[in-house]
Amino acid sequence: MKGTTDFLRALDEIEREKGVSKEKIFDSLEKALLKSYEKNFGEYENVKININRTTGKVELFAIKKVVEVVEDNITEISLDDARAISTKYSLGDDVSIKLKTMDFGRVAAQTARNIVIQKIKDAEREVIYNDFQDKERELISGQIQRIDRNNLFINLGKLEAIVTPSEQIKTEVYRVGERLKFYVKEVKNTTKGAQVLLSRSDVNFVLRLFELEVPEILDGTVEIQSIAREPGSRTKISVFSKNDDVDPVGACVGYKRSRVSSIINELKGEKIDIIVYSKDVKEYLSNSLSPSEVVAVFTNESENRARIIVPDSQLSLAIGKEGQNARLAAKLTNWRIDIKGLEKYKEDIKNGLIEVGFDGEQEFIDNGFEL
């Protein structure tokens, strides 16, 4: 029949273009037809519907259990009547009795059609959700489709993702039609389909950019230990190498700064400090204040506190504008850091304004403030 052939062709097209399997559609269709049939022909309470996968022909069966004494004609059949259909039946068996479909009218068919359309939409949404769930916590490129109430809506082809104001970089100006990279922060499966939340402010956005630009990070030769970021302004990243022949900072910076420059361009000029991670806490803390020089580092490991002495000429650089360098260093190392200029530190020690007690501090003082 032409109608059946068109139906099967339509299923092939849906499977090919939308990625929804024909088997899932057949299964949904059978359930929908059953629901519609029971709704419109309630006297058949125990009905099974089968759609031939090759011909598309719909067949209805009443399922009845073989019993000695029939008490319910809808769900039960006597042994004699069952064996009149086939001698193979015994007590307790289920018998499938084919029903005529001619009474399965237009109202029932319309109900089934609506349910099937919904099922296909659900299956379609599931395919899209699974596709984007695999991309969660990865980088993705997309074009800004529209801007509404400061939310960016990004065209990802199969769906429109969102970048809320908190996930944007405050210093960036966004334009409709602009194509950018984003970090896939979260993928939710909602009643309206997959909801994808993107970010450019997340610290992992920087991590993924480094993985993209630095092969040594991707293959595991160089590892990122920690990242501290103030989006749009500055990022500190600590790295170390598993291979003594590979300089971790050099690998991240690249020849003529090509690798880090590419990342900075993507971040619209955000500054990036790349420092070497060290298992030696004092060395790591010293490195974290880059680009400032450091005279001495004293620690109190029980309280995770550090006192860092820098040359007076380097004090403003160590602290940074509005305290940013010190703040990022503290986030990067997960230590509470107190920074002091050397001359002021000497004066405070002399006047008894500092309680000496950090590891290595008394020795430093006894040596005339020299290591």
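A residue is called buried when its relative accessible area is under 20%, exposed when it is over 50%, and partly exposed in between. The exercises below apply this and other criteria to a predicted model.

**Exercise 1. Classify Val281 as buried, partly exposed or exposed, and describe its surroundings.**

Solution.
1. The relative accessibility of Val281 is 27%. This value lies between the limits of 20% and 50%, so Val281 counts as partly exposed.
2. In the secondary structure, Val281 belongs to helix H9, which covers residues 281-288.
3. Once residues up to four places away in sequence are set aside, Val281 touches Thr299 and Trp335.
4. A distance can be added for Phe298: this residue is 17 positions from Val281 in sequence, and their C-alpha atoms are 9.8 Å apart.

**Exercise 2. Determine whether the protein is more spread out than a compact globule.**

Solution.
1. The protein contains 13 helices and 15 strands.
2. For 371 residues the globule rule gives 21 Å, whereas the radius of gyration of the protein is 35 Å. The latter is well over the former, so the protein is more spread out than a compact globule.
3. The box filled by the C-alpha atoms, taken along the principal axes, is roughly 110 × 50 × 45 Å.
4. Of the 371 residues, 42% are buried.
5. Among contacts between residues at least 6 apart in sequence, 57% join residues at least 24 apart.

**Exercise 3. Identify the elements that build the largest nonpolar core, and state which of them gives the largest share.**

Solution.
1. As background, nonpolar side chains tend to be buried together in soluble globular proteins.
2. The largest nonpolar core has 21 residues, and those touching the most other members are Phe210, Ile237, Cys252, Leu267, Ile272 and Ile274.
3. Two or more residues of this core come from each of helix H5 (203-213), strand E10 (222-230), strand E11 (234-241), helix H7 (248-253), helix H8 (258-266) and strand E12 (271-276).
4. Helix H5 gives the largest share, five residues.
5. Ile237 serves as an example: beyond its neighbours within four places in sequence, its contacts include Phe210, Ile272 and Ile274. Ile224, Ser226, Ile227, Asp273, Ile275 and Leu332 are also in contact with Ile237.
6. A second core of 20 residues is separate, with Phe132, Val163, Ile169 and Ala194 among its members.

**Exercise 4. Describe the surface and the charges of the protein.**

Solution.
1. The exposed area is about 21100 Å², of which carbon and sulfur atoms supply 46%.
2. There are 58 positive and 64 negative charges, and their mean positions are 7 Å apart.

Conventions
Residues are numbered from 1 along each chain as its sequence is written. This is a predicted model: local features need pLDDT of at least 70, side-chain atom pairs count only at pLDDT 80 or more; totals for chains, interfaces and linings use all residues. Side-chain values use heavy atoms; hydrogens and water are left out. Helices (H or I, at least four residues) and strands (E, at least two) are DSSP runs, numbered from the N terminus. The radius of gyration is taken over C-alpha atoms; the globule rule is 2.2 Å times the number of residues to the power 0.38. Buried means under 20% relative accessible area, exposed over 50%, partly exposed in between (1.4 Å probe, protein chains only). Contact means heavy atoms within 4.5 Å. Accessible areas come from the Shrake-Rupley method with a 1.4 Å probe; for residues, only the protein chains shown count as cover. Lys and Arg count as positive and Asp and Glu as negative; His and the chain ends are not counted. The place of a charge is taken as NZ of Lys, CZ of Arg, CG of Asp or CD of Glu. A nonpolar core is a set of buried Ala, Val, Leu, Ile, Met, Phe, Trp, Tyr and Cys residues joined through side-chain atoms within 4.5 Å.
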